[in-house]
Structures are given as C-alpha cells and as structure tokens.
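Work through the exercises below with the sequence and the model at hand. Each task is followed by a worked solution.

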Amino acid sequence: MATGNVTSWAGNISEIGPLYPFVGLEGLMFVVGVALWILWHVAQVRTENATYEDEINRFGDDETLRKILDAEDPYAP
C-alpha cells in the first residue's frame, strides 16, 4: 500500500522530497500566527473593557458598591 509519493523508505531521504505540505512557509506562518494571537488579545481586551463599562453604568462605580455593602454589613462599626 502506498500513500503519496513514497513507495519504499529504502534509499536516500533527500530524493523523496518534502514530507509535509507548505514547505518553506514556516516563517510566514509563524508571523501570521503571532499577528493573529496579538489581534485576538486586542479584541479580547476591548470586549472586556466594554463589558466593564456597561457594568459600571448599570451598577455604579467601586465607591457606590462599597457604600452599599458597608450599609448592609450588620457587623460594621
């Protein structure tokens, strides 16, 4: 049974040719991968900041929440 161009592994491996697709594009794929990784982080930060701003507008800022929690604390001095 043959899969691809290789019928026998006997002989010189350099005569067989590339054993995986896109040979020579490793550097380009690495750069594209890093760029996509950075863009994903930028998009994630923007989404989280928008959600945080929505929650601040909905529930109030830190000081407002702290005052509410202090007013509800039965053990507060």
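The model is predicted: local features need pLDDT of at least 70, side-chain atom pairs count only at pLDDT 80 or more, and totals for chains, interfaces and linings use all residues. Residues are numbered from 1 along each chain as its sequence is written, and side-chain values use heavy atoms, with hydrogens and water left out.

**Exercise 1.** State how many helices and strands the protein holds, and compare the span of H1 with the expected one.

Solution. Helices (H or I, at least four residues) and strands (E, at least two) are taken as DSSP runs, numbered from the N terminus. On this basis the protein has 2 helices and 0 strands. H1 covers residues 26-59, which is 34 residues. The expected span is 1.5 Å times one less than the number of residues, here 50 Å. From first to last C-alpha, H1 reaches 49 Å, close to that value. Just after H1, Gly60 takes a positive phi of about 100°.

**Exercise 2.** Find the salt bridge and place its two residues.

Solution. The criterion is a side-chain nitrogen of Lys or Arg within 4 Å of a carboxyl oxygen of Asp or Glu. The structure holds 1 such pair. Glu63 is bridged to Arg66, with the closest N and O atoms 3.7 Å apart. Both residues sit in H2 (residues 62-72), 3 residues apart, or about one turn of the helix. An α-helix has 3.6 residues a turn, so residues three or four places apart point the same way. For exposure, buried means under 20% relative accessible area, exposed over 50%, and partly exposed in between (1.4 Å probe, protein chains only). Glu63 at 40% is partly exposed, and Arg66 at 46% is partly exposed too.

**Exercise 3.** Describe the backbone and the exposure of Phe22, then list the nonpolar patch that includes Phe22.

Solution. Phe22 is found in the segment before H1. Its phi is positive, about 60°, although Phe22 is not a glycine. Most residues other than glycine have a negative phi. With a relative accessible area of 56%, Phe22 is exposed. Patches are made of residues with over 30% relative accessible area and no salt bridge; like charges are joined within 9 Å, nonpolar side chains (Val, Leu, Ile, Met, Phe, Trp, Tyr) within 5 Å. Phe22, Leu25, Leu28, Met29, Val32, Leu36 and Leu39 make a nonpolar surface patch of about 700 Å². Among them, Met29 lies in H1 and is partly exposed at 44%.

**Exercise 4.** Give the exposed area of the protein and the share of buried residues.

Solution. Accessible areas come from the Shrake-Rupley method with a 1.4 Å probe; for residues, only the protein chains shown count as cover. The protein exposes about 7300 Å², and carbon and sulfur atoms supply 62% of that area. Of the 77 residues, 1% count as buried.
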